[in-house]
Amino acid sequence: MREFDYRRAFDVAGALALLGAEPEARYLGGGTNLVDLMKSGVERPALLVDVRELPLDGIAVTDDGGLRIGATVTNSDLAAHPEVRRRYPALAQAVLAGASGQLRNMATVGGNLLQRTRCGYFTDVTKPCNKRAPGSGCPAVAGEHRNHAILGATSHCVAVHPSDMGVALAAFDAVVHYETAEGRGELALADLYLPVADAPHRETALPPGALITAVALPPAPVAAASRYRKVRERASFAFAIGSVAAALDVHDGTVRDVRLAFGAVASRPWRAHAAERALLGGPATAEAFAAAADAELAAAEPLSDNGYKVTLIRNLVVAVLTELAEESRRTEEATR
């Protein structure tokens with residue numbers, strides 16, 4: 001590990017100033033990803049700016065009925081918050097599925113969104129990797145890629161984004177708020193992560209030196225009937241091999257609103273717009289859910305060893321939406 005300096009910031013302006021004074025500085029939240037990458041030699045910052053003491057650790061209901069989540073809120077506090085559990089249960093479920101209690105106690109919302117999209121080749125500095133050394137190649141394409149991307153990838157990188165939280169936030173149109181030395185800005189989560197293209201080392205659209213300050217969730221009544229389902233290769237905590245965040249509003253057997261996002265299939269949380277369009281206004285049946293999944297997955301380009309993900313995601317979509325539709329039917333019957 002490279003020797004580094006450490007400074008603690010107590011306000012946003014101070015954090016921005018510290019980072020701006022050192023070109024090789026990095027913000028430090030919980031450190032659950034960054035410190036691991038420093039140990040392996042992938043990340044080599046000259047300065048860590050600790051932002052955990054910034055006054056950004058609140059969760060508040062907004063005037064329009066959404067939520068504003070501070071960037072230094074821990075994953076544990078996010079998952080336990082009563083308004084998160086009531087208004088966006090899939091978000092709480094995603095966080096709880098993401099890591100052990102010890103890691104959730106350390107990891108922060110802002111840090112979770114900015115964890116690196118990575119695979120074993122990225123974290124092994126003895127191997128080539130376009131994300132770590134642009135132009136060196138992507139050995140995963142012809143190598144070990146069982147848990148790699150089936151959507152939106154290119155020959156330059158086939159790694160998948162590891163965040164469970166991000167999948168749920170993508171389903172609910174989250175907006176990321178940030179500050180730079182020039183002022184404040186915001187990005188829809190859908191625009192935060194850059195397409196892989198031929199420059200996979202550029203992962204986000206945040207301006208240089210930007211500090212995430214909050215994540216805003218717009219009001220979404222459909223989100224109250226939502227669920228996150230994650231499949232992993234072992235029962236203990238592990239990255240997903242496929243996941244789905246879903247919300248469904250059904251009335252008299254017809255889909256009035258639906259939200260779908262997939263995880264572990266692309267370099268970013270994947271919003272399933274084609275599937276949503278296929279479902280809106282149609283019947284809430286297993287056949288319709290399967291057809292909608294097929295519409296989304298028609299663009300999939302699996303590699304030789306990860307084609308199973310197409311079937312896995314299709315089955316997850318059908319299972320989760322069927323469960324939500326049945327819950328909606330029982331609720332309708334109980335209120336008649």
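This is a short exchange about a pocket and a sheet in a predicted model.

Modeller: The model is predicted, so local features need pLDDT of at least 70, side-chain atom pairs count only at pLDDT 80 or more, and totals for chains, interfaces and linings use all residues. Residues are numbered from 1 along each chain as its sequence is written, and side-chain values use heavy atoms, with hydrogens and water left out.

Colleague: What makes a residue part of the lining of the second largest pocket?

Modeller: A pocket is an open set of points on a 1 Å grid over the protein atoms alone, where a 1.4 Å probe fits, with protein on both sides within 12 Å along at least five of seven lines. Lining residues have an atom within 4 Å of a point. Here 13 residues line the pocket; Leu189, Ala190, Pro269, Arg271 and His273 lie nearest its centre.

Colleague: Why are three of the lining residues called charged?

Modeller: Asp, Glu, Lys and Arg count as charged, so Arg271 belongs to that class. The lining also has nine nonpolar residues and one polar.

Colleague: How do you know that β4 and β5 pair?

Modeller: Two strands (E runs in DSSP, at least two residues) pair if DSSP finds at least two bridges between them. Three bridges join β4 to β5 (residues 67-70), so the two strands pair, and they run antiparallel. Ala60 stands opposite Arg68 in β5.

Colleague: Why do β4 and β7 stand at the edges of the sheet?

Modeller: The open sheet has the order β4-β5-β8-β6-β7. β4 (59-61) and β7 (183-188) each have a single partner strand, so one side of each is left without a neighbour in the sheet.

Methods
Helices (H or I, at least four residues) and strands (E, at least two) are DSSP runs, numbered from the N terminus.
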